[in-house]
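Here is a short report for the bench. Keep the sequence and the 3D view open while reading.

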Amino acid sequence: MSFEELEQDPFDTHEFVERLAWRTMGTKARSQHEEFDPMLLHGAFERMIADLKHKNDMVQHRVDKLEEECKEEEKKHWARVVDLQRNNQASYSQFQGLDERINLVATKVVHLGDQLEGVNTPRARAVEAQRLMSYLSEFLTDEPPKSAIFTDPFQLQIAAEIIQKLHMIALELPSTEKFVKARRKIADKYDAIENELIEEFRIAHHAGDKRKMKRCAAVLSNFKGHGRCIDAFIEETQKGSFTSSDPFSEVLPLCKKSNDLIQQVFTNPDVAMGKLVQNIYIHKLQTFIQSKLDGQQDPEQYLKDFFDIYTRTTKLSSDLSEFKIGNDSSFLPKMTKVIFQKHLDNYINFETKYLHERCGAILQRYYESKDHQKKHIQSGGLSELRRDLQAKIANVNVNINIGPNVENYGGETFLSQEVSINVLQETKLAFKRCQSLSGSSDVPGNAVKILDILIKYLVIEHIDYAVEIGLQGIPVSEPKVPPQIYFFDTISQANTLFHLFEKQFMDSAVPLFLSTPLYGDCLHKKRDLRDNLETKIDTGLDRAVSSICGWVKHILSNEQKKNDFKPDDDSALAQMGTPACAKVVKFLTKQHQSIRDNLDGKNVEALLLELGTRLHRILYDHLCQFTYNSLGAMLVICDVNEYRKCVKEFGLPLVTQLFEKLHALCNLLVVVPENLTQVCGGDQLAGLDRSILLSFVKLRADFKSAKLDTLLK
């Protein structure tokens with residue numbers, strides 16, 4: 001076996017031993033046991049163990065040798081490190097010396113340069129002065145300048161530099177006859193060169209020669225007409241632009257393209273960019289605004305166009321703010337206000353006038369479609385008193401008119417969700433316009449003006465008016481015909497529309513004045529509107545309950561006969577109740593369903609509780625008017641049971657309990673005299689005053705004959 005097998009990775013000891021045994025014994029030893037020689041295998045293992053020990057000694061010797069070599073190399077390395085540190089220290093010392101010498105030489109060079117400059121500057125100034133004087137002398141003569149720089153068009157920029165300096169000198173010359181002509185000639189030449197430079201700038205712009213444009217702009221920056229150079233640039237830039245009907249789509253691409261060129265050409269690019277934007281706003285956008293808004297006769301379209309154009313302008317200003325336009329951060333907002341100033345000043349007056357007309361027209365169209373003429377409605381205690389008196393007078397057929405008649409308009413509520421949504425939509429758009437078109441300090445006040453219009457036309461003129469009409473249409477408390485109560489439907493629609501108003505109040509109006517004192521005032525105003533509406537609804541519900549109860553009284557007093565509860569035979573029991581009871585239950589079921597369909601939440605519970613309590617009182621007083629024989633007692637129990645089942649649908653434990661006790665009281669009319677005392681002390685009648693029990697027992701036809709008063713003592 002070779003020792004290379006020991007160096008395999010990974011090395012498996014078990015596999016190594018197996019291979020050694022297999023090679024020693026051969027393949028026959030596995031299948032033929034008699035061929036197996038343990039001593040042969042033992043000898044092979046001993047030899048391999050000896051070889052492995054020898055191999056281990058060799059490897060250990062090699063390791064020791066390598067460790068010695070490593071230690072020697074480490075010593076040599078540290079010796080080299082010490083030599084390098086010594087050399088580095090010497091080099092650093094030499095560098096410090098050289099640095100000191102360089103500083104000394106540099107000081108001497110700077111001093112020498114200052115001396116040379118002190119000598120050369122006066123000499124250069126003198127040469128420049130002599131040159132300018134020679135040029136000035138040409139303007140002191142009657143002949144035109146003859147120097148090549150003034151006549152050679154290729155030396156225009158040099159001539160511009162000279163004439164600019166001569167122009168400054170001419171300003172200092174005395175105003176004598178000798179120099180007046182020279183000053184005029186210099187000024188004329190100054191203007192001529194300036195015009196030539198601007199024309200050359202135009203030609204370079206047209207040719208796309210940026211380098212020449214930059215040179216001309218740099219020379220002109222020292223001239224009085226530098227602004228004319230920017231104007232020429234703006235004029236050339238806009239050639240071929242703004243040919244479409246929508247200038248907004250062209251402004252940003254034009255400014256992006258021009259900005260790159262301005263940065264390369266002008267020494268003061270911020271000013272040039274500012275003048276370009278100002279020119280676009282004043283001459284392009286303002287013209288477009290005037291064409292769209294000044295002649296607009298339709299107020300709705302005017303406000304729509306105004307808001308749309310203003311919004312696009314503010315977005316454009318936001319997009320242009322990425323360019324550096326002067327040092328005034330409010331430049332773009334100021335330009336926006338300048339071009340819209342006339343329209344912004346009159347915005348809120350126009351907005352409120354339009355809303356008044358628009359909302360008024362929406363309501364007027366609606367009432368005309370219903371063939372209804374709005375009327376002034378008086379409300380309050382005196383009005384209600386006159387209404388009730390008029391109802392009583394009408395009952396006795398006397399032709400005296402002291403108050404309004406009850407009119408239900410055939411069930412029309414005069415509330416329209418479509419009308420309300422139209423008004424809400426108009427004011428929603430107005431709030432949105434107000435936020436954009438009003439100044440930051442004017443937004444809260446303007447929003448309140450729009451809110452007042454919304455309240456006037458939606459809440460007061462529509463919802464409140466409909467509730468008042470509904471109140472007037474509620475039947476009187478003593479009706480002679482079945483009352484048609486449409487007020488429940490009015491309540492349902494009024495609450496729905498008022499919720500829509502409250503939602504817009506919170507979503508659109510409140511954010512505009514949330515952080516101002518106006519928020520508290522408007523919140524208080526909305527709360528007052530809600531309280532006023534709820535007060536009128538409560539009044540209407542009370543009237544409705546009174547009307548329902550009045551009709552129940554009317555049925556019972558006119559339909560219930562004195563002999564209904566003193567039948568001679570049991571045929572009356574076949575119908576399981578009297579006709580008057582059936583009529584009352586049918587009427588109450590219909591009213592209960594109407595209440596459930598139109599009211600919700602605690603309003604339903606409160607109204608049904610009041611109705612149930614009053615019905616209990618009416619039925620109790622009604623039943624106390626009759627005398628009952630045994631069959632009549634059974635019949636009244638059937639009636640009360642029907643009433644009990646009817647009010648049980650109200651789902652109010654208190655009302656159910658009242659009718660349970662009334663039913664228990666009716667049981668006193670049918671119980672045998674011997675058990676009367678026991679029944680009176682039962683759980684169902686517990687808590688009732690004894691006088692009530694006695695008064696009910698007295699209604700029995702056998703009260704005196706059976707001497708029941710003695711049994712209850």
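The report covers the core, the aromatic rings, some helices and the cysteines.

This is a predicted model.

**The nonpolar core**

The largest nonpolar core holds 162 residues. Within this core, Phe266, Leu320 and Leu451 have the most contacts. Helix H16, residues 443-472, gives the most to this core, with 17 residues. In soluble globular proteins, nonpolar side chains tend to be buried together.

Leu320 shows what such a position looks like. Leaving aside neighbours within four places in sequence, Leu320 is in contact with Val251, Leu252, Cys255, Val277, Tyr281, Ile325 and Leu332.

**Aromatic rings and charges**

The count of aromatic pairs comes to 15. One pair is formed by Phe306 and Tyr310, in an edge-to-face arrangement. Their ring centres are 6.5 Å apart, with 85° between the planes. Both residues lie in helix H11, residues 299-320. They are 4 residues apart, about one turn of the helix. Phe306 counts as buried because its relative accessible area is 0%, under the 20% limit. Tyr310 is also buried, at 10%. Ring pairs link Phe306 and Tyr310 with Tyr302, Phe340, Tyr347 and Phe350 into a cluster.

Charged ends sit over rings too. The charged end of Lys374 sits over the ring of Tyr465, 4.5 Å from its centre. For Lys456, the charged end sits over the ring of Tyr457, 5.3 Å from its centre.

**Helices H8 and H19**

Both helices can be checked against the expected rise of 1.5 Å a residue.

| Helix | Residues | Expected span | End C-alpha distance |
|---|---|---|---|
| H8 | 226-237 (12 residues) | 16 Å | 17 Å |
| H19 | 579-598 (20 residues) | 28 Å | 29 Å |

The end-to-end distance of H8 agrees with its expected span. The distance for H19 agrees as well.

Which residues of H8 are buried? They are His226, Cys229, Ile230, Ala232, Phe233, Ile234, Glu236 and Thr237.

In H19, the buried residues include Ala580, Cys581, Val584, Val585, Phe587 and Leu588. Gln591, His592, Ser594, Ile595 and Asn598 of H19 are buried too. What covers the buried residues of H19? The cover includes helices H17 (487-513), H18 (518-559), H20 (602-623) and H21 (630-648).

**Single positions in H18 and H21**

Arg530 lies in helix H18. With 13% relative accessibility, Arg530 counts as buried. Setting aside residues within four places in sequence, Arg530 is in contact with Asn495, Phe498, His499 and Glu502.

Ala633 lies in helix H21. At 0% relative accessibility, Ala633 is buried. Beyond residues up to four places away in sequence, Ala633 touches Tyr628, Leu669 and Val670. The C-alpha atoms of Ala633 and Val671 are 9.3 Å apart, although 38 residues separate the two along the chain.

**Cysteines**

How many disulfides does a search of the whole structure find? The search finds 0. Why does Cys646 not bond to Cys581? Cys581 holds the closest cysteine sulfur to that of Cys646, but the two are 8.9 Å apart, too far for a bond. A disulfide needs the sulfur atoms within 2.5 Å. Cys646 is buried, at 9% relative accessibility. Cys359 is buried as well, at 0%.

How values were computed:
Residues are numbered from 1 along each chain as its sequence is written. This is a predicted model: local features need pLDDT of at least 70, side-chain atom pairs count only at pLDDT 80 or more; totals for chains, interfaces and linings use all residues. Side-chain values use heavy atoms; hydrogens and water are left out. Buried means under 20% relative accessible area, exposed over 50%, partly exposed in between (1.4 Å probe, protein chains only). Helices (H or I, at least four residues) and strands (E, at least two) are DSSP runs, numbered from the N terminus. The expected span of a helix is 1.5 Å times one less than its number of residues. Contact means heavy atoms within 4.5 Å. A nonpolar core is a set of buried Ala, Val, Leu, Ile, Met, Phe, Trp, Tyr and Cys residues joined through side-chain atoms within 4.5 Å. Rings of Phe, Tyr and Trp (its six-membered ring) pair if their centres lie within 6.5 Å; planes under 30 degrees apart count as stacked, over 60 as edge-to-face and the rest as tilted. A charge sits over a ring if NZ of Lys or CZ of Arg is within 6 Å of the ring centre and within 35 degrees of the ring normal.
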